[in-house]
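Visitor: I am new to this one. Could you show it to me and take me through it step by step?

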Amino acid sequence: MSPDVQQSLSRGQRWLKENTKRHAFRKLDKEIIQPGICTECGACVSNCPVEVLVGDRTSGRFVPTLIGKCVSCGMCYAICPRTKVLWSELVGEFRSAWRVKSLDETGKRQDGGAVTAFLTYVLDQSIADGAVVACQDPKSPWLPVAKLVTNKTKLPECGGTIYTHAPVVQEMMRGYRKGFSTICVVGTSCSIDAIDNMQKHPAGYFQMDMGADVIKIGLFCMESFDYTGLVQFLKDDGIDIKDVDKMAISSGKFRVAISGNEREWSVGDLNLVAAKSCSYCQDLTCKNADISCGNIGSEDGWTTVLIRTIRGEHIFQETLAAGLIEANLLETKSLRIIEKSARFKAIRHYKLSSSH
Ligand SMILES: Cc1cc2nc3c(=O)[nH]c(=O)nc-3n(C[C@H](O)[C@H](O)[C@H](O)COP(=O)(O)OP(=O)(O)OC[C@H]3O[C@@H](n4cnc5c(N)ncnc54)[C@H](O)[C@@H]3O)c2cc1C
Ligand code: SF4
Ligand code: SF4
Ligand code: SF4
């Protein structure tokens, strides 16, 4: 190898050591090469600073293969076009990260009640004319109905998580049709991405209607469930969904509270009732939101909050100053837990069976 190339690869090696978690070739082999996700580009082979990788031509395929001692420098995994390593691509950019708890103990909340507190402040101060949230359909418990709320006192009854897709974007548009100018929308990344498209696409609504404005509160999301499937899943275990007080997913468990009792299953048990669309989704933390909220990274009773935009920063700081929430900065350990979960989601679709 020429000294220049060697020097450049060593510099890259150093950057990885100082800035990110490094993965050895073993991980690249397990996640990308063995399952057939490899595009045979040869980047890993040609970027190995210690030259222990070769492209083995097997049955017409180029298969990166280890022929010496891997020093776990992380280079091959980092530059592979099929892996995700950088914080920016896994969790997205954010200005600050917090653990937040609402100081209002009344009403429904999923974790720390941060989302409801932000919405309360935004409506109270007329920063937005309305907030789009998801509430349960009174006729079909746990079936989400997107709702445009204008009165802050109505927010707590729509607190908590409903683990099924809710058409919040349609409800937002209903608001603009009624003459609203600024709407704060709560949604998972699939919904927030639609709004982001409407903001950035040259033909998008927000490019055309200069008077319309939106504030995006994103929810972390690993997956949601098909409503009918979820009803049946619970029924098979003798539970009528109308008796369920709360559903929650954390630490790989799906928990259901019924009249003070709790039942739990491994999240994997619900695979058959997971919404099919979620298999293709890669964004855990809602990268296009102004503020992203979830529970990963915080203990029970607190919401993890990522402030992504200046506007999100204003809402967060003012809600804090108004005494509606308490907040502590999130430590690196918690951020790493979020990063790990985000990586899991970003590449889990590789496990889907290929039609070829
Ligand atoms: C389908 C789904 C999956 C999730 N998965 C994860 C996960 O894997 N890991 C994680 O850390 N967090 C996940 N969350 C986010 C988490 O459950 C909480 O919503 C978040 O931590 C905020 O809690 P909070 O107490 O601050 O919110 P609250 O103050 O209780 O407010 C929650 C707000 O979300 C709205 N809402 C509820 N359901 C929906 C819905 N389906 N669509 C749009 N808005 C809704 C409510 O109307 C309410 O305004 C998920 C949320 C959803 C909707
Ligand atoms: S030494 Fe580095 S680049 Fe080479 S195989 Fe190991 S981790 Fe990959
Ligand atoms: S860098 Fe990734 S995609 Fe390219 S040959 Fe290596 S494993 Fe395959
Ligand atoms: S996993 Fe993705 S598609 Fe499914 S509800 Fe969550 S954000 Fe939407």
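Visitor: Which three strands form an open sheet with antiparallel pairing, and in what order?
Guide: Keep in mind that this is a predicted model. The sheet is open and its pairing is antiparallel. Its strands come in the order β8-β9-β10.

Visitor: Which are the edge strands of this sheet?
Guide: An edge strand pairs on one side only. From one strand to the next, the twist averages 20 degrees. The edges are β8 (246-250) and β10 (261-266).

Visitor: How many bridges join β9 to β10?
Guide: Strand β9 covers residues 253-258. β9 and β10 run antiparallel. In this pairing K253 stands opposite S266 of β10. The number of bridges joining β9 to β10 is six.

Visitor: In what order do the strands of the eight-stranded sheet come?
Guide: This sheet is open too, and its pairing is mixed. Eight strands make it up. Read across, they run β5-β4-β6-β7-β11-β12-β3-β13.

Visitor: Which strands sit at the edges there?
Guide: Look for strands that pair on one side only. Neighbours in this sheet are turned by 30 degrees against each other on average, direction ignored. The edge strands are β5 (144-149) and β13 (325-329).

Visitor: Which residue in β5 is the bridge partner of V132?
Guide: Start with strand β4, residues 130-136. Six bridges join β4 to β5, and the two run antiparallel. In β5, the partner of V132 is L148.

Visitor: Into which domains is the chain divided?
Guide: The C-alpha centres of the two domains lie 39 Å apart. One domain is written as two stretches, 96-224 and 275-348. The division is domain 1 (3-81) and domain 2 (96-224 + 275-348).

Visitor: Why does the second largest pocket lie between the domains?
Guide: Look at the lining of the second largest pocket. Domain 1 gives residues to it, and domain 2 does as well. The pocket therefore lies between domain 1 (3-81) and domain 2 (96-224 + 275-348).

Visitor: How much space lies in that second largest pocket?
Guide: The pocket is lined by 13 residues. Closest to its centre are K27, E31, F344, I347 and K351. The space in the pocket is about 370 Å³.

Visitor: Which helix gives the most to the lining of this pocket?
Guide: α2 (25-33) and α12 (332-347) each supply at least two residues. One of them gives four residues, the most. That helix is α12.

Visitor: How many residues of the pocket lining are charged?
Guide: Sort the lining by class. Four residues are nonpolar and one is polar. The charged residues number eight.

Visitor: How many cavities of 30 Å³ or more are there, and how much space lies in the largest?
Guide: The count comes to two cavities. In the largest cavity, C38, C41, C44, C80 and P81 lie nearest the centre, out of 16 lining residues. The space in the largest cavity is about 100 Å³.

Visitor: Which helix gives the most to the lining of the largest cavity?
Guide: By class, that lining has 12 nonpolar, two polar and two charged residues. α2, α3 (43-47) and α4 (75-79) each supply at least two residues. The most, three residues, come from α2.

Visitor: Which residues are closest to the centre of the second largest cavity?
Guide: About 90 Å³ of space lies in this cavity. Its lining has 12 nonpolar, three polar and no charged residues. Of the 15 lining residues, the closest to the centre are C48, C70, V71, C73 and C76.

Visitor: Which residues are around ligand 4?
Guide: By class, the shell has five nonpolar, four polar and two charged residues. The residues are H165, T188, S189, C190, C221, M222, E223, S224, C278, C281 and K345.

Notes. Residues numbered from 1 in each chain as written. Chains lettered and ligands numbered in written order. Predicted model: local features only at pLDDT ≥ 70, side-chain atom pairs only at ≥ 80, totals over all residues. Heavy atoms only, no water. Near = heavy atom within 4 Å. Nonpolar A, V, L, I, M, F, W, Y, C, P; charged D, E, K, R; others polar. Pairing = 2+ DSSP bridges. Axes fitted to C-alpha atoms, helices over the stretch in contact; angles between N-to-C directions. 1 Å grid on protein atoms, 1.4 Å probe; cavity = no way out; pocket = protein on both sides within 12 Å on 5 of 7 lines; lining within 4 Å. Points joined across faces, edges and corners; volume = space filled by probe spheres on them. Domains from an automatic or database assignment.
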